[in-house]
Amino acid sequence: MAKLSFEETLIDVWRQALVENAKAVKLGRESYSVRKTPKRGLLEVDFMFDEHEIRGLEQNPETKSGWAQMARSGKKVMQFLSEGRYVANVVDGKVTRYGRAR
């Protein structure tokens, strides 16, 4: 099985966590638990991609951002962070990358 690209991996995590409501995200042979944040009950999952730790975090619909507005309208929005910085998000299966490419 071919290794997924960064974008394909993010879409896979988004789909399993937010669309399929999986308790764990499976990437290749690895499995990563999906949990809820203590304060807001948002879904989050920590996983590895090419030796980088990535966190997928469900968009908080109560903020003022455009992404939150999409979440309020019923879209499934997940933000992805690495080393404390937002690197991308997925909305309805489409990836938006932030900043410079890896």
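# Exercises on a sheet, a helix and a core

An open sheet of 7 strands runs in the order S1-S2-S3-S4-S5-S6-S7, with antiparallel pairing. Strands and helices here are DSSP runs numbered from the N terminus (strands: E, at least two residues; helices: H or I, at least four), and two strands pair if DSSP finds at least two bridges between them. The model is predicted, so local features need pLDDT of at least 70, side-chain atom pairs count only at pLDDT 80 or more, and totals for chains, interfaces and linings use all residues. Residues are numbered from 1 along each chain as its sequence is written, and side-chain values use heavy atoms, with hydrogens and water left out.

**Exercise 1.** Find the edge strands of the sheet, then describe its twist.

*Solution.*
- Step 1: S1 and strand S7 (94–97) each pair on one side only, which makes them the edge strands.
- Step 2: From one strand to the next, the twist averages 25°. Axes are lines fitted to C-alpha atoms, for helices over the stretch in contact, and angles run from 0 to 180 degrees between N-to-C directions.
- Step 3: For one pair inside the sheet, take S5 and S6, which are joined antiparallel over 6 bridges. Leu-81 has Tyr-86 in S6 as its bridge partner.

**Exercise 2.** Which strands does H1 touch, and does the span of H1 agree or disagree with its number of residues?

*Solution.*
- Step 1: H1 packs on the sheet and touches S1, S2, S3, strand S4 (52–58), S5, S6 and S7. A contact means heavy atoms within 4.5 Å.
- Step 2: The direction of H1 makes about 150° with that of S1.
- Step 3: The expected span of a helix is 1.5 Å times one less than its number of residues. For the 14 residues of H1 this gives 20 Å, and the end C-alpha atoms are 19 Å apart, which agrees.
- Step 4: Just after H1, Asn-21 has a positive phi of about 55°.

**Exercise 3.** State which elements give two or more residues to the largest nonpolar core, and which gives the most.

*Solution.*
- Step 1: A nonpolar core is a set of buried Ala, Val, Leu, Ile, Met, Phe, Trp, Tyr and Cys residues joined through side-chain atoms within 4.5 Å. Buried means under 20% relative accessible area, exposed over 50%, and partly exposed in between (1.4 Å probe, protein chains only).
- Step 2: The largest core has 20 residues, and those touching the most other members are Leu-10, Val-13, Val-25, Val-45, Phe-47, Met-78 and Phe-80.
- Step 3: Two or more residues come from each of helix H1 (6–19), strand S1 (24–27), strand S2 (30–36), strand S3 (43–49), strand S5 (77–82) and strand S6 (85–91). H1 gives the most, with 6 residues.
- Step 4: The buried residues of H1 include Leu-10, Val-13 and Trp-14.

**Exercise 4.** Are Arg-40 and Gln-59 buried or exposed, and what polar contact does each side chain make?

*Solution.*
- Step 1: Arg-40 is in the loop between S2 and S3. Arg-40 counts as exposed because its relative accessibility is 52%.
- Step 2: A polar contact is a pair of N or O atoms within 3.5 Å; within protein, one must be able to donate a hydrogen and the other to accept it, and residues adjacent in sequence count only if both atoms are side-chain atoms. The side chain of Arg-40 makes one with the side chain of Glu-62 (3.5 Å).
- Step 3: Gln-59 lies in the loop between S4 and helix H2 (66–72). Gln-59 is buried, because its relative accessible area is 9%.
- Step 4: The side chain of Gln-59 makes a polar contact with the side chain of Gln-79 (2.9 Å).
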